[in-house]
Protein chains: 4
Amino acid sequence: MATARTTAAERRRQILDAAVRVFARQGFHTCRVSDIADEAGVAYGLLYHYFRSKDEVLDTLFLERWDVMVELIEQVDARTELTAREKLAAITSFIIDSYRHDPDLMKVVIVEVTRAANTFGRTHLDAINRAYGSIAKIIEKGMASGELRDTITPQFAAMTFYGAIEQALTGWIFDMLPTGDESFEQIKGFVVDTICGGLDARPAPDPPAGV
Amino acid sequence: MATARTTAAERRRQILDAAVRVFARQGFHTCRVSDIADEAGVAYGLLYHYFRSKDEVLDTLFLERWDVMVELIEQVDARTELTAREKLAAITSFIIDSYRHDPDLMKVVIVEVTRAANTFGRTHLDAINRAYGSIAKIIEKGMASGELRDTITPQFAAMTFYGAIEQALTGWIFDMLPTGDESFEQIKGFVVDTICGGLDARPAPDPPAGV
Amino acid sequence: MATARTTAAERRRQILDAAVRVFARQGFHTCRVSDIADEAGVAYGLLYHYFRSKDEVLDTLFLERWDVMVELIEQVDARTELTAREKLAAITSFIIDSYRHDPDLMKVVIVEVTRAANTFGRTHLDAINRAYGSIAKIIEKGMASGELRDTITPQFAAMTFYGAIEQALTGWIFDMLPTGDESFEQIKGFVVDTICGGLDARPAPDPPAGV
Amino acid sequence: MATARTTAAERRRQILDAAVRVFARQGFHTCRVSDIADEAGVAYGLLYHYFRSKDEVLDTLFLERWDVMVELIEQVDARTELTAREKLAAITSFIIDSYRHDPDLMKVVIVEVTRAANTFGRTHLDAINRAYGSIAKIIEKGMASGELRDTITPQFAAMTFYGAIEQALTGWIFDMLPTGDESFEQIKGFVVDTICGGLDARPAPDPPAGV
DNA sequence: GATGAATGAGTATTCATTCAT
DNA sequence: GATGAATGAATACTCATTCAT
């Protein structure tokens with residue numbers, strides 16, 4: 001009799017986890033609140049004890065995940081021993097592993113928020129821009145140190161880099177790319193190689209002078 | 001001898017043009033059929049003389065535009081005097097000019113179809129893949145001729161290239177990039193430079209042998 | 001160049017005939033005005049040159065047919081050489097032959113008008129009652145002459161008689177009775193035999209005294 | 001200790017009862033779902049908690065009533081002490097009393113289903129035929145025992161019998177027959193007398209041999 | 001906390017009818 | 001006469017949200 005069967009926090013999490021599966025499967029606009037409740041095994045009225053609205057469920061899911069990602073980017077940036085390319089590789093790895101670990105959640109984050117210019121994307125524009133900004137800072141430092149070319153703006157480079165990752169995730173979401181551990185690792189390499197190395201053939205860049 | 005006031009084809013176009021504006025402004029899911037009709041200045045019943053449903057209006061808009069783009073890509077590919085990089089530059093230029101010329105239409109194509117994994121994106125997956133495939137062919141030839149590195153698959157390279165363009169368009173759609181003629185031209189260069197040249201600093205590639 | 005290709009009366013008839021087929025196939029409420037026009041091979045706007053409304057088409061079809069039937073009943077009644085049973089047999093034969101000759105029309109008359117208590121049946125109640133009344137008169141005379149029993153009212157007898165015929169037609173309409181010439185003739189006999197002779201087993205009635 | 005204000009079953013019944021009144025008054029096709037809800041004193045959305053569609057409301061009403069009738073017919077048939085005529089009289093009495101007790105419901109059953117050859121009649125053809133079949137069995141036994149003439153098929157006799165009853169109900173529905181207890185009882189007798197005794201005048205059938 | 005009955009705003013679609021050509 | 005584009009009234013149904021129990 002010591003522990004309650006289900007704590008409030010657990011119930012809330014139970015609903016959020018169900019919502020991820022339902023949003024990923026049916027899409028935010030197409031699913032019903034009762035679909036989420038069914039998936040969670042609770043009455044649909046209960047959802048309104050934990051969230052103000054259906055929108056708030058998606059907002060919560062997005063921000064939970066996005067904040068982790070932004071924090072990771074900032075932590076990576078703080079590791080001064082890494083080159084810019086290594087930092088970008090770390091970020092790529094983290095995001096792709098996030099998808100590998102919970103594809104439903106990442107699908108929801110991207111499809112329902114990040115790319116929804118008329119609805120949630122607009123709402124969370126600040127959060128999205130924060131991520132771009134953090135990446136841009138990494139690139140800016142790489143440019144300053146001479147590691148990266150400064151022929152484009154760091155902001156645009158950040159957008160392209162993040163866009164390449166998102167495009168890869170989209171490939172998985174649309175079943176255009178193969179899944180499987182090797183595939184995930186291969187694509188990680190592709191992303192960094194393409195963005196940093198470019199498509200053009202040419203001799204490998206000179207190793208940094210004094211190293 | 002006066003011309004007929006409005007032909008059937010003109011009315012149809014009138015409705016499609018109105019739909020573009022309304023979809024861009026409010027989003028497909030958020031707007032009402034009557035909003036389109038109001039914007040077009042016709043009774044909403046008339047929409048059903050020209051289209052089977054609201055969905056069909058969006059499908060029509062998307063395919064009209066997408067087919068033009070796929071055709072352009074194939075035409076570019078056929079110009080054997082161009083290098084792969086020049087072909088990619090031509091495609092980039094065309095798509096960005098498309099946005100510059102009719103931002104509402106491109107916004108609808110991207111936001112409501114291309115990136116809508118749970119609804120129209122899934123429907124038009126074949127059309128979308130046809131575009132990727134055509135770009136991949138260009139890249140494949142570039143790899144075969146030695147112009148491009150073949151360390152990644154042409155398919156992935158195509159996705160990343162197209163993703164970079166779409167990300168730029170998204171930047172304009174979200175008001176994250178400045179508009180204006182110079183900006184458009186600058187971004188064109190950024191896209192090709194980033195994708196082909198990469199972010200890494202290094203000596204310019206050796207000039208082709210016999211030139 | 002002497003005759004117009006199609007006279008107004010012919011066009012009108014063409015539309016009415018098409019309407020019969022469409023009403024029979026789809027039902028009055030379920031079919032569209034354009035279905036009738038398509039079946040007739042004319043533009044749907046033309047229907048409104050010949051009829052005030054969709055309702056009027058059905059009204060016209062019903063009254064055309066019903067008036068013929070009422071007139072037939074009255075003509076039969078006038079033939080004083082016939083017994084009541086012979087008169088009823090003649091009416092039965094006429095109605096069943098009407099169905100045999102044009103099942104669609106009779107289906108429409110019965111299903112869409114005669115039995116539609118909430119719509120057209122109420123509208124044409126007078127016409128319907130005129131038929132009952134004429135049949136009742138035949139029965140009344142049969143009762144007066146001693147040919148028929150007068151234990152029930154002529155009005156009720158007329159309803160039951162007509163109801164038996166309509167029930168037979170309904171059997172054909174619902175595919176519950178076999179079609180084919182013999183079947184039609186057999187049912188004619190059944191109707192008169194059942195209504196006049198009853199279901200009870202017993203000796204044939206005595207022949208009329210002085211005959 | 002107060003009882004719950006309204007149970008789910010009661011609400012459902014409340015809606016069904018309201019639907020009967022509305023269907024009888026306005027007809028199924030002519031009434032709106034909100035008319036039913038208004039009559040029941042509930043929000044129209046609630047109707048969709050208890051029924052999948054407007055159609056299902058009518059289906060439910062019909063089957064509820066029709067199943068009771070078929071069961072009654074079978075129970076009557078099982079009473080071996082009754083003659084066929086007595087069985088038919090019992091069925092007639094039951095159906096006419098059903099109308100007397102709830103004319104709206106019987107009107108809906110007949111007008112909107114039983115006689116609606118293009119819509120619900122077709123849907124419920126099996127149920128309708130089950131009733132005919134049970135009546136035909138009664139008649140068949142009567143023929144086998146020599147009580148009834150076997151000059152027509154039991155199936156046709158059943159149709160005519162049921163048709164006579166339905167015609168009587170139609171007479172009330174169309175206000176062509178007087179209402180009032182005596183009238184109901186009189187018509188009961190008329191139906192059985194007409195169907196069993198026939199219209200022809202003749203001596204009463206011989207009493208069964210050994211009685 | 002938990003339930004699900006109750007509410008009613010919101011919308012795509014149909015189709016009879018009109019009328020300019 | 002003939003056409004079919006144009007109109008807009010009419011309606012079933014969905015579903016987020018509330019709230020009594």
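**Two DNA strands and the protein around them**

Let me start with one contact. In this predicted model, a polar side-chain atom of R32(A) sits 3.4 Å from a phosphate oxygen of DNA strand F. That is a polar contact, meaning a pair of N or O atoms within 3.5 Å; within protein, one must be able to donate a hydrogen and the other to accept it, and residues adjacent in sequence count only if both atoms are side-chain atoms.

Some ground rules. Residues are numbered from 1 along each chain as its sequence is written, while chains are lettered from A and ligands numbered from 1 in the order in which they are written. Local features need pLDDT of at least 70, side-chain atom pairs count only at pLDDT 80 or more, totals for chains, interfaces and linings use all residues, and side-chain values use heavy atoms, with hydrogens and water left out.

Stay with strand F. Which residues come nearest to DNA strand F? They are V33(A), R11(B), Y44(B), Y50(B) and Y50(C), out of 31 residues around the strand. A residue is near a strand if one of its heavy atoms lies within 4 Å of it. Y44(B) reaches a base: an N or O atom in its side chain is 2.5 Å from a base nitrogen of DNA strand F. A43(C) uses its backbone instead, with a polar atom 3.0 Å from a phosphate oxygen of DNA strand F. Of the strand F atoms within 4 Å of the protein, 63% belong to sugar or phosphate, and the rest to bases.

Now the helices. These are DSSP runs of H or I, at least four residues, numbered from the N terminus; strands are runs of E, at least two. α3(B) gives the largest share of the surface near DNA strand F, five residues. That surface holds 19 nonpolar, six polar and six charged residues. Here Ala, Val, Leu, Ile, Met, Phe, Trp, Tyr, Cys and Pro count as nonpolar, Asp, Glu, Lys and Arg as charged, and the others, Gly among them, as polar.

Over to strand E. Of the 31 residues around DNA strand E, the nearest are V33(C), R11(D), A43(D), Y44(D) and Y50(D). Sugar and phosphate make up 60% of the strand E atoms that come within 4 Å of the protein. Phosphate oxygens of DNA strand E meet a side-chain N or O atom of Y50(A) at 2.9 Å and a backbone N or O atom of K54(B) at 3.3 Å. H49(D) goes to a base: a polar side-chain atom lies 3.1 Å from a base nitrogen of DNA strand E. Which helix supplies the largest share of the surface near DNA strand E? α3(D), with five residues. The residues there divide into 19 nonpolar, six polar and six charged.

Next, one helix up close. α4(C), residues 54-78, has 25 residues. Its first and last C-alpha atoms are 37 Å apart, close to the 36 Å expected at 1.5 Å a residue; the expected span is 1.5 Å times one less than the number of residues. At its start, a side-chain oxygen of S53(C) comes within 3.4 Å of the backbone nitrogen of D55(C).

Last, the cysteines. How many disulfides does the structure hold? Zero, over all chains. A disulfide is a pair of cysteine sulfur atoms within 2.5 Å. The sulfur of C196(D) has its closest cysteine sulfur in C196(C), 15 Å off, so that is too far for a bond. C196(D) counts as buried because its relative accessibility is 1%. Buried means under 20% relative accessible area, exposed over 50%, partly exposed in between, with a 1.4 Å probe and protein chains only. C31(C) is buried too, at 4%.
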